[in-house]
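Thanks for coming. I will walk through one structure today, starting with its charged pairs and then moving to the fold, the core and the cysteines.

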Amino acid sequence: ILLCSIILVMIVYNSVIFVVIKHISYLYYVIAYIFVLLFIFKQQWNPITFDMFDRNISLFSVCFTAGFFCFMATSILDTKIHLPKGDMFLRIMGSVNITYAIVGLFIPRPYYSRGALIISIFAGVCCMATSVILALRGHKIARLIALAWSAGVVFLFLFSFGMTGFLSIDSMFFPAIAFAIESLLVSMVLAYRFKLINQDYL
């Protein structure tokens, strides 16, 4: 409950900032972590009872989270300016993940599961690769966001291995820790980014 509360507080906090400054990065953050929270609720407490949606909500949430992380990466890292080809690729991956999250609800679960794991892992790798490339080029925010996202990316791999039977992950405690820490770090990176922007205008 404490870990989920941290994520929820970060969602509310960044929602307020989005309302005030109207920057799309904060909206992407809010949407992505709403689906992180939905994923944790489903895995830990399973409060949703509608059978068809209940069976697929974890995969649905993973795909949506991965999709909006791609969009958040383009906004935070200004990839349209600093890495145009990477920007286009991340936007395509984000759209693919979100589209598949919805379409997958209407296809057999085994196919939905495999496809969701593949595209969500690929999206996570693309976000990390983009941040690492820009970090190596001296992009300050890229260095910070790569560190912030590392917890979530590691969990995504572990969860995927667990879904395929290579690992046994029975508890959401450690994933919840990873995402709670990540939500705090990403929020701090967003705040730092806009501090730098404001300094440039002064």
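A salt bridge, as I use the term here, is a side-chain nitrogen of Lys or Arg within 4 Å of a carboxyl oxygen of Asp or Glu. Please keep in mind that what you see is a predicted model.

With that rule, how many salt bridges are there? The count is two. Take Arg-91 and Asp-87, where the closest N and O atoms are 3.0 Å apart. Both residues sit in helix α5, four residues apart, so about one helical turn separates them. As a general point, an α-helix has 3.6 residues a turn, so residues three or four places apart point the same way. The two partners differ in cover: Arg-91 is partly exposed at 34% relative accessibility, whereas Asp-87 is buried at 7%.

The other pair is Arg-193 with Asp-78, at 2.9 Å from N to O. Which parts of the chain does this pair tie together? Arg-193 belongs to helix α8 and Asp-78 to the loop between α3 and α4, so the bridge links parts that lie 115 residues apart in sequence. Here the arginine is the buried partner, with 5% relative accessibility, and Asp-78 is partly exposed at 30%.

Now the fold. The protein chain has eight helices and zero strands, so there is little to say about the pattern along the sequence: it reads α-α-α-α-α-α-α-α. One helix to look at is α6, which has 28 residues. From its first C-alpha to its last, α6 reaches 40 Å, close to the 40 Å expected at 1.5 Å a residue. After α6 comes Gly-138, which has a positive phi, near 95°.

Next, contacts and cover for the whole chain. Of the contacts with a separation of 6 or more, 74% join residues 24 or more positions apart. Of the 202 residues, 50% are buried. The chain exposes about 10,400 Å², and carbon and sulfur atoms supply 73% of that area.

That brings me to the interior. The largest nonpolar core has 61 residues, and those with the most contacts inside it are Ile-7, Tyr-33, Met-72 and Trp-149. Two or more residues come from each of α1, α2, α3, α5, α6, α7 and α8. Which helix gives the most? That is α3, with 13 residues.

Ile-7 is a useful place to zoom in. Setting aside neighbours within four places in sequence, Ile-7 is in contact with Tyr-33, Val-36, Leu-37, Ile-40, Phe-179, Ala-180 and Ser-183. Tyr-33, in that list, is also one of the residues with the most contacts inside the core.

Last, the cysteines. A search of the whole structure finds zero disulfides. Why do Cys-70 and Cys-127 not count as one? The cut-off for a disulfide is two cysteine sulfur atoms within 2.5 Å. The sulfur of Cys-70 has its closest cysteine sulfur in Cys-127, 3.9 Å away, and that is too far for a bond. Seen from the other side, Cys-127 is in no disulfide, and its nearest cysteine sulfur is that of Cys-70. Both are under cover: Cys-70 is buried at 0% relative accessibility, and Cys-127 is buried at 4%.

That is the tour. I can go back to any part of it on the screen.

How values were computed:
Residues are numbered from 1 along each chain as its sequence is written. This is a predicted model: local features need pLDDT of at least 70, side-chain atom pairs count only at pLDDT 80 or more; totals for chains, interfaces and linings use all residues. Side-chain values use heavy atoms; hydrogens and water are left out. A nonpolar core is a set of buried Ala, Val, Leu, Ile, Met, Phe, Trp, Tyr and Cys residues joined through side-chain atoms within 4.5 Å. Buried means under 20% relative accessible area, exposed over 50%, partly exposed in between (1.4 Å probe, protein chains only). Contact means heavy atoms within 4.5 Å. The expected span of a helix is 1.5 Å times one less than its number of residues. Accessible areas come from the Shrake-Rupley method with a 1.4 Å probe; for residues, only the protein chains shown count as cover.
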